[in-house]
Structure formats: C-alpha cells, structure tokens
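Here is a friendly walk through one structure, with the cut-offs spelled out along the way. Have your viewer ready.

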Amino acid sequence: MTITIYQLDRSRSERAVWLMEELGAPYAIEFFERLPVTMQAEPAYKALHPLGSSPVLGIDGTNIAESGAVIEYLATTQGGGALALGPDSPDYAEYLYWFHFAESTLMPALVSEIMAGFSGIAADHPLRRHSRQRIGQLLAFTDARLASVPFIAGEGFTAADVMMTFPFTMTRQFVPVDVEGHPAIAAYVERMEARPAYQRCRAIVDRPAP
Ligand SMILES: N[C@@H](CCC(=O)N[C@@H](CS)C(=O)NCC(=O)O)C(=O)O
C-alpha cells in the first residue's frame, strides 16, 4: 500500500504527518502552498479533491479528505493499529468522543471566529460575543478533562491526541486560543510538543516559504 500525504502549508494535514511519525510507518509527502491574502490552498491542491481542502490523503491513487476519515484510516491501517482504540479498551468511548469533538465541535467554533475576523465583523458584534463565549465554554470543558487524565482518551497516547492537539497549536496562528488561561490544556500542549515524533513532524512541515 502506498500512502501519500498532500501537505498544505499550516494546515490540518500536519496531523497525518505527526501520526505517521509516531507510528514509524512509511509514507510519501508532497508539499503545497497557501495563496497570499486569501490563505486559500493553491490550485494544484484544490485539484486533489472536489472540496479542495486540507487534509487530502492518497491511498494507492485514491484520494480521501476530511481529518477524521484520514486520521482514522491511518490509525487503523498503519503501525498495526497501535494508536487506535477498539471496543475492547476501557477508554474506547472517551477515545471516540474526543476524536470527533476536535473537528465536529471545537474546530468549527474556532473557524467561525477566524471567518468573522477575516470578514471584518466588529469584535463587539453580538454574534462574535456569542462565539467567544462558546469557545470559552469548550476550552473550560477540555481543560477539566485534561486536569484528570494525562492523554485525552485516558491513560495512553492515541490518535485522539493527534486530533485534539491541532486546535491548540497551528490554529493559534489564525485565531487567539486562550491556552495559557487553561493550565491543563497548556501542560498537555507542552507534553505533546515535547514528543520526538511531534518535533520530527514540525521539522518536516515548517519549511521556509519558497
Ligand atoms: N472539517 C474539514 C475542514 C477542512 C479545512 O477547512 N481545511 C483548511 C485547512 S486547515 C483548508 O483547506 N483551507 C484552505 C482552503 O480551503 O483552500 C477537515 O477537518 O478536513
């Protein structure tokens, strides 16, 4: 099986790189840029999938998108499934919950704030006040979880951590995320960033602009 990660600069596809580095599984990688001003993916990236957003994963010539699908696919088929929990694990329900919370609830809340800012909607507009309140609620909820467990699913590092770290790292280049005001999230992010595979991932994806 040939796995190709189509890595769009400063985007969710870095999760796939991190996961593969954690697993020590082989993969090919191709790099793509964002356009200036709009920050949209360059046309060659848009051509990889009808929806044209990152991540896109190539599997023997078939391209799939959507972070949850990409990370679940890699977690279950690569590295002997070492970072995917199954129904036999006591942490399975929490694993599923936090794995999906990342892109179904937390990222949409952060992205709506990014889009409101890009669109020039005033910071004190009621929609933006509501949006910041919602983000605060989600961060407090995540912080409470991380105050009681070392990893988001429970006792061990899993693909759910790969899903849940991105909102507190790269996303902060686009929208303020109050990591410092949430001590358990801050400590978690430090632990994740200290992982050798995460550092290898950063060295791969943080390339100087051409
Ligand atoms: N829920 C989708 C969101 C995908 C998404 O919005 N990706 C952003 C990058 S992180 C993107 O591709 N932006 C550039 C563009 O749309 O051209 C997923 O997780 O795959």
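## A hairpin

Strand E3 (residues 56-59) pairs with strand E4 (residues 62-65) in the antiparallel sense, over four bridges. Strands pair here if DSSP finds at least two bridges between them; helices (H or I, at least four residues) and strands (E, at least two) are DSSP runs numbered from the N terminus. This is a predicted model, where local features need pLDDT of at least 70, side-chain atom pairs count only at pLDDT 80 or more, and totals for chains, interfaces and linings use all residues. Residues are numbered from 1 along each chain as its sequence is written.

Isoleucine 59 has threonine 62 of E4 as its bridge partner. Two residues lie between the strands of this hairpin, and aspartate 60 takes a positive phi near 50 degrees.

## Helix H5

The buried residues of H5 are Ile135, Leu139, Thr142 and Leu146 (20 or more other C-beta atoms within 10 Å of the residue's own, against 12 or fewer for exposed and partly exposed in between, with C-beta atoms placed from the backbone). They cover an arc of only 65 degrees around the axis, so they sit on the same side of H5; the arc is that of the directions from the helix axis to the C-beta atoms. Pro126, Arg129, His130, Gln133, Gln137 and Ala144 are exposed on the other side of H5.

## Around the ligand

Of the 13 residues around the ligand, Ser11, Gln40, Ala41, Ser53 and Ser67 come nearest (a residue is near if its C-beta atom, placed from the backbone, lies within 6 Å).
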